[in-house]
Amino acid sequence: MRLKFVRTAPRGTIRPSSFLRRLALPLLLSAGLAGCGGLFGDDGPDTSRPVGAVVGPDRNERGLTGVGRVSAAAELEALAGGFVMADEPQAALVARDVLERGGSAADAATALYFTLSVTQPAAAGLGGGGICLVHDRIERKTVSVEFLPRRAAAGGPVAIPGNVRGFALLQARYGRRTWSSLLAPAERMAAIGTQVSRAMAESLARDPEVLRRNAVLARSFTVNGRVVRELDNATQIELASTLGLVRSRGVGALYGGDGARTFSEAIADAGGRVSIDDLRNYRPVVKDAMGVTTDWGVLRLPSEDVGAGAFAKAVWDGLQSIPAGDGAAATRLADQTARQLGAPADLPDNMGSTGFVVASAQGDAVACAVTMNGHFGTGRTASGMGVVLASSPEAPVQGLAPAFLAPVLATRANDNALLFAGASGGSPAAVSAVQQVARQTLGGSTKVSAALGSATPGTGTLVNALVCPAGLPFGFPSCEFGVDPDGAGVGVEAIGQ
């Protein structure tokens, strides 16, 4: 498959509609939600322990990389716990708790994503889409789940959202917790308020004007005209209402019946042309992940049928002539490869994307990258629903973001044990960076912290990675994990109860 980065920018017009009708319920709820956390169940994150407490004592001086300290015997007895890495700490803590309560990697990844929709709406809003690689240890199989933002049949500036559909499929196939329990923490955070983390504050501060131009975003993320800062409180009442519907009704709340009609009308109010049929007919695509044989195992990439897979393979082939530790050369190669395929030379580092990794002690893993096709996507929200809407894949620059999503897994050739899980997104450098971390840690003796530090010199790309050179599950004690030192994310270890 040859990638061709050619896009035309569709234009839409904003028309008035039934905004007040859909906004009435969220506004009515807002008066009473602050004191009603119990309405959302008891599945909130445990923030009583400091983040560092779940990372082994061998973490490096920056506190970004840990070494699992649970013995193999204890792991086999507990069959719970694992590792979580994300660009935003609160989402990582929610996922950690899911693992510690016996949830699967898919359960934890689902809870993590929906929390990110609250804490990282610029990259992980419900209106966006993404790709997840899923490693099933029992089946000895790795699949690519693709749920990217797609073009509406009638065109227009707004993409058909894929995230809710995608994570619903992921959790239905590979999860074991109840759907509602996984969405409850995100719903609660949006309704009662979220204490703004450093990662969230940095993301919001990148484009203050997009927040001020949209009434819903301004209400949630500005105070007297200034963007909220770290430790401020941010409440998203309209989004909480939507998350509550998705929690209780599943994907039908947005993609079926009256839910699809309401969502389509709300998108139309924002200038989009996503029809009821667009929503009803949207389906994620599941295919075998691409496998690339290496000296140390099999590198697993998105299916070559999607741009992210084709681009990842092209970059990997080019990297074989570059030293594993030369991040600058790898970045230049990735940029050059993108230009050769038709991308403009001045692509931004931040294209509204984020990546995260979850691996369970049993050896299952999920590596995901999601995108809004631009920071905050279109900068518009679905009327009365608080859903940030992604840009169409036809947008000239932002529409290229899906090609640079970089979930990566690696497995051992003989028994398919998990060796590596990494994720990033946002620019061509995201793809080369994750692959370089895998090359340095699995192909040599480089520690995760050093590999992350050298992978993306001078870019805003963030990488999260887990390395288990002895393989999961039996190599659990030797696993190292880390988040990019240039970001404000966190990697945590879940300890089996």
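A salt bridge is a side-chain nitrogen of Lys or Arg within 4 Å of a carboxyl oxygen of Asp or Glu. In this predicted model, that rule gives a count of 13 salt bridges, and the tour below visits some of them.

Begin by selecting R150 and E146, and show their side chains as sticks. The two form a salt bridge in which the closest N and O atoms lie 3.7 Å apart. Colour the pair by accessibility if your viewer allows it: R150 is partly exposed at 24% relative accessibility, whereas E146 has 11% and counts as buried, because buried means under 20% relative accessible area.

Next, select E187 together with R247, whose side chains meet in a salt bridge with an N to O distance of 2.4 Å. This pair links distant parts of the chain, since E187 belongs to helix α7 (residues 179-192) and R247 to helix α11 (residues 237-249), with their positions 60 residues apart in the numbering. E187 is buried, with a relative accessible area of 5%, while R247 counts as partly exposed at 22%.

Finally, move to helix α9, which covers residues 208-213, and select E209 and R212. Their side chains form a salt bridge, 2.8 Å from N to O. How far apart are E209 and R212 in helix α9? They are 3 residues apart, and are therefore separated by about one helical turn. Turn on the surface here to look at both partners: E209 is partly exposed with a relative accessible area of 41%, and R212 is likewise partly exposed, at 39%.

Notes. Residues numbered from 1 in each chain as written. Predicted model: local features only at pLDDT ≥ 70, side-chain atom pairs only at ≥ 80, totals over all residues. Heavy atoms only, no water. Buried < 20%, exposed > 50% of the residue type's maximum accessible area, 1.4 Å probe, protein only. Helix = DSSP H or I, 4+ residues; strand = E, 2+ residues; numbered from the N terminus.
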